[in-house]
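Biologist: I am new to this structure and would love a close look at a single part. Could you pick one helix and show me how it sits in the whole?

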Amino acid sequence: MAFEYFHYLSLIGVAFFAISGTLLGHEKNIGGFGVVVVGSVTALGGGTLRDILLNQPVFWIAHADYLYVTYGAIFIAVVFIRHLPHVSNYYMLLVDVLGMAIFNIVGIEKALIEGSTMIVAITMGMTTGIFGGLMRDVICREIPLVMREELYSTACVSGGLTYAALFMLEVSYIWCILGSLFITVFLRLGALHWGWQPNLFRKRTVKK
């Protein structure tokens, strides 16, 4: 049963990131097959790097259904865009939030299944969650979201720490997932709507 949860969660994350890449490709006026490339890189990039680092078979090569979901999600996004050509950037950011939160959990789960320590698993979750979006932004000549002064990788790490805390408390598997999802999405949406920023290097104001 655990494998089924993991597999379906991965497919959902792939679909969200494929849509995210397609929407940004449309916004940047990338046409033709280029949109498919952007959507595919966004959906598959983070998981590919994760599997290479874990020395495991690349997930979309081992299970072709990830490719079917990726291309299907891109097709659905293209149809959606054709009927609503003036798509707000908000939709891209929203599906990116959901994709990142799901992939964060998938990366953690995959690392734990392979016997990694929790700190490595949290790092793999962050890698899976942000790398596809980073590649998408670089291809589209955008400043990567992870490099901007807002909660992005921090939201991933916070979701990972939430998962770790619940895991150590031996709560039910599903609550580890839901808790991590909630914290990651909550922090990310807070950054989008209220401008939350980590401000790690904020300078102190000198009183005169």
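Modeller: Accessible areas here come from the Shrake-Rupley method with a 1.4 Å probe, and for residues only the protein chains shown count as cover. By that method the surface of the protein comes to about 11300 Å², with 68% of it belonging to carbon and sulfur atoms. Do keep in mind that this is a predicted model, where local features need pLDDT of at least 70 and side-chain atom pairs count only at pLDDT 80 or more, while totals for chains, interfaces and linings use all residues. Residues are numbered from 1 along each chain as its sequence is written, and side-chain values use heavy atoms, leaving out hydrogens and water.

The protein has 8 helices and 0 strands, taking helices as DSSP runs (H or I) of at least four residues and strands (E) of at least two, numbered from the N terminus. Let's zoom in on α2, which covers residues 33–53. Its 21 residues, at 1.5 Å each (times one less than their number), should span 30 Å, and the end C-alpha atoms are 29 Å apart, so the two values agree. Along the way, α2 bends by about 40° at leucine 44; that is the angle between axes fitted to the seven residues ending there and the seven starting there. After α2 comes asparagine 55, with a positive phi near 60°.

Stepping back to the whole, 46% of the 208 residues of the protein count as buried, meaning under 20% relative accessible area. Contacts (heavy atoms within 4.5 Å) with a separation of 6 or more come 73% from residues 24 or more positions apart.

Conventions
Buried < 20%, exposed > 50% of the residue type's maximum accessible area, 1.4 Å probe, protein only.
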